[in-house]
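Here are some short exercises to work through with the model open beside you. Try each task before reading its solution.

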Amino acid sequence: MPLCVTFLGTSGAIPTARRNPTSLFVAREGDELLFDAGEGTQRQMMRFRTGFSISHLFVTHLHGDHVLGIPGLLQTMAFNDRTDPLAIHTPRGTRSEISSLVNALGNRPSFPVRINEVGGGDVAHRADEYEVRVFETDHDTRSVGYALVEDDRKGRFDRERAEELGVPVGPKFSRLHGGEAVELEDGTVVEPEQVVGEPRPGRSLVYTGDTRPTQATLEAVDQPDLLIHDATFADDRTERATDTAHSTARQAAEIARRAGADRLALMHISSRYAGNVEDHLEQARDVFDCEVLLPEDGDQIEIPYQDV
């Protein structure tokens, strides 16, 4: 069951020739989700062939480089004769601004749009086998981050042990793996825990949006498979990062290390570093021993199961 992130826009507030404003497309099996929608997001979706079948848009905050793509995206969806509803999740207190963007062209979209205000500790979206959780971030406006967390998977079924206990090959195997005890012909009852291992963790990704380093990010998910963190600046602009409520690559790496993340993707790179991101990578790798990535627009990261 694939879980894949496509980086539609990786720039900071100002786009560059190679980087669009912020947006992430996440596909999990048949579900398609969008996180933030900077200007031109609909073109990036065409360019990188994600399609427009998203069911949920998760907004971290209402700065232009994260939301100005919403009117154009909705218009493109309408021109494509969309009828399916769209849910937009946005920080508490921002419903009216999002509503204005939704209706920016003077008429309502031709499909239902639901606006859902969220705050730290909420579950913005619950689906089969996963949920999208909300955590507080520290930016200079109302802001949140999001964590996609899959449910635990069933433990491994020990077929050899089941056969040793006399369970016949067939439907009783499935019932045991599903957590149901079975009775054998001689009256013996076999319990699931006799043949099924401990539950195995699902996958997880954390996306901060724009933020200073925060404890809430650390607590969003224990040992996330992928942390996508604000890394607007390198060490040469540490004070600037603090003043503008952003993070440096080194600070993002420190959060990744403390969170026990498996991989770190550096995001929202300031246009002042256009064409030269080596310092970001080097400074993050000084701190974080696991894999550090600095995606460009169109790059994809697939998140595998740690225990298959």
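Keep in mind throughout that this is a predicted model.

**Exercise 1. Find the enclosed space and describe its lining.**

Step 1: Searching the whole structure for cavities of 30 Å³ or more gives one. The largest cavity holds about 30 Å³ of space.

Step 2: List the lining, which consists of T22, H66, Y207, T208, G209, D210, I228, H229, D230, M267 and H268.

Step 3: Sort these residues by class: three are nonpolar, six polar and two charged.

Step 4: Look for the main contributor. Strand β13 (residues 226-230) supplies the largest share of the lining, three residues.

**Exercise 2. Relate the annotated binding site to this cavity.**

Step 1: Start from the record. An unreviewed UniProt entry lists D65, H66, D210 and H268 under "binding site".

Step 2: Check their spacing. The four span 204 residues in sequence, but no two of their C-alpha atoms are more than 10.5 Å apart, so they gather at one spot.

Step 3: Compare with the lining of the largest cavity, which includes H66, D210 and H268 from this set.

**Exercise 3. Decide whether H66 and D210 are buried or exposed, and trace their contacts.**

Step 1: Place them. H66 sits in helix α2 (residues 64-67), while D210 is in the loop between β12 (204-207) and α7 (215-220).

Step 2: Apply the cut-off for buried, under 20% relative accessible area. H66 has 0% relative accessibility, so H66 counts as buried. D210, at 3%, also counts as buried.

Step 3: Set aside neighbours within four places in sequence. The contacts of H66 then include T22, Y207, D210 and H268. D210 touches, among others, D65, H66, D230 and H268.

Key:
Residues numbered from 1 in each chain as written. Predicted model: local features only at pLDDT ≥ 70, side-chain atom pairs only at ≥ 80, totals over all residues. Heavy atoms only, no water. 1 Å grid on protein atoms, 1.4 Å probe; cavity = no way out; pocket = protein on both sides within 12 Å on 5 of 7 lines; lining within 4 Å. Points joined across faces, edges and corners; volume = space filled by probe spheres on them. Helix = DSSP H or I, 4+ residues; strand = E, 2+ residues; numbered from the N terminus. Nonpolar A, V, L, I, M, F, W, Y, C, P; charged D, E, K, R; others polar. UniProt positions renumbered as here; feature names shortened; annotations may be inferred. Buried < 20%, exposed > 50% of the residue type's maximum accessible area, 1.4 Å probe, protein only. Contact = heavy atoms within 4.5 Å.
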